[in-house]
Amino acid sequence: MEIGNHSWKTDFILVGLFQYGQMDTLLFTVIAILFAVALIGNITLVHLIRLEQTLHTPMYFLLSQLSIIDMMYISTTVPKMSANFLSDTKTISFLGCEIQAFMFLSLGGSEALLLGFMSYDRYIAICRPLHYPVLMSRKICCSMVVCAWSSSSINALVHTLYAFQLPFCRSRVVNHFFCEVPSLLSLVCEDTSQYEHTILMSGLVILLLPFLAILASYARVLVVVFQMRSGKGQSRAVSTCSSHLTVASLFYATTLSTYTQPHSLHSPARDKVVAVLYSIVTPVLNPFIYSLRNKEVMGALRRQMG
């Protein structure tokens, strides 16, 4: 009990991403640029969808929600990591670590579910266009967003409350650049194998199921498109689907590798590289993949710029 009480009073030490001497400044600069690009890209997309009447459709409503999540998602990790680097401190309070872990799990789960709903939207629009106004009404779209936020938040709350009541009686050094539940388990001085099974089940439900839904939706979309006679339409659909699948696969493959692997197979160095891909790179790519290859968005952007 003394150990458990002690764990509540001690700050964690984040090893961070910058550990390579002269490369620190360069790596920090790259991360800072990516952070700025992600914020500018997502803010621009949200603002554009809000202003442009032609973009007030279910697809762009879901896309605006994805951009909001991405802005919050990358802001959960990069500012604290940057502050630690600039101030030459590596500590984070117990409560701060707990809040960061909750926000990261909640936003990551919301994005995973929302990407699945977005693929369903494209499936209905192309494969069942006559039913689209009914199956993707504003009420249903709002329900999708509420479902994504609420279910991921509940999942994050359960994991955060359980993980942070475990006895952290080993080193307080977290070999990561932010507080992520899998990276904290190495500090626990009791058997966490049963809890790891719970993490695995959550990962399969929140990450794998939406990813399988995306694959099934786009597979059906491509089948329908290839039944058309328009070669131009086929090439455009293949190009769009491939770009969307590339970004989605990057996000789901990296998160699944972190949250479905046993703790014994985790490597801190590899985990940090993988975390950069789904926590920093993906929020940067999303607004560009979903907008630059979209004529409606680019047309709206040109109109807004005069």
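This report walks through the overall shape, the nonpolar core and one helix of a predicted model.

## Overall shape

Let's start with the fold as a whole. The protein is built from twelve helices and three strands. Its C-alpha trace extends about 70 × 40 × 30 Å along the principal axes. For 306 residues, a compact globule would be expected to have a radius of gyration near 19 Å, and the 21 Å found here agrees with that.

Contacts that link distant parts of the sequence are plentiful: of the contacts with a separation of 6 or more, 78% join residues 24 or more positions apart.

## Inside and outside

How much of the protein is buried? Of the 306 residues, 47% fall in that class. On the outside, the protein exposes about 14,900 Å², and 68% of this area comes from carbon and sulfur atoms.

In soluble globular proteins, nonpolar side chains tend to be buried together. Here, the largest nonpolar core gathers 79 residues, and Phe12 and Phe164 have the most contacts inside it. Helix α5, covering residues 94-127, gives this core its largest share, with twelve residues.

## Helix α9: the buried positions

Helix α9 runs from residue 193 to 226, and it is worth a closer look. Two of its residues, Ser202 and Val224, show what its covered positions touch.

Ser202 has a relative accessibility of 17%, so it counts as buried, the cut-off being under 20%. Beyond its neighbours within four places in sequence, Ser202 is in contact with Asn155, His159 and Leu207.

Val224 is buried as well, because its relative accessible area is 15%, again under the 20% limit. Which residues does Val224 touch, leaving aside its neighbours within four places in sequence? They are Ile126 and Cys127, and both of these positions fall within the residue range of helix α5. Val224 and Ile126 are 98 residues apart along the chain, yet their C-alpha atoms are separated by 7.7 Å.

## Helix α9: the nonpolar patch

Helix α9 also holds Leu212, a residue with a surface role to consider alongside the buried pair. Is Leu212 buried, partly exposed or exposed? Its relative accessibility is 44%, so Leu212 counts as partly exposed, the class between 20% and 50%.

Leu212 is joined by Val205, Leu209 and Leu215 in a nonpolar surface patch of about 340 Å². Helix α9 therefore includes the buried Ser202 and Val224 as well as the partly exposed Leu212.

Terms used
Residues are numbered from 1 along each chain as its sequence is written. This is a predicted model: local features need pLDDT of at least 70, side-chain atom pairs count only at pLDDT 80 or more; totals for chains, interfaces and linings use all residues. Side-chain values use heavy atoms; hydrogens and water are left out. A nonpolar core is a set of buried Ala, Val, Leu, Ile, Met, Phe, Trp, Tyr and Cys residues joined through side-chain atoms within 4.5 Å. Buried means under 20% relative accessible area, exposed over 50%, partly exposed in between (1.4 Å probe, protein chains only). Helices (H or I, at least four residues) and strands (E, at least two) are DSSP runs, numbered from the N terminus. Patches are made of residues with over 30% relative accessible area and no salt bridge: like charges are joined within 9 Å, nonpolar side chains (Val, Leu, Ile, Met, Phe, Trp, Tyr) within 5 Å. Accessible areas come from the Shrake-Rupley method with a 1.4 Å probe; for residues, only the protein chains shown count as cover. A salt bridge is a side-chain nitrogen of Lys or Arg within 4 Å of a carboxyl oxygen of Asp or Glu. The radius of gyration is taken over C-alpha atoms; the globule rule is 2.2 Å times the number of residues to the power 0.38. Contact means heavy atoms within 4.5 Å.
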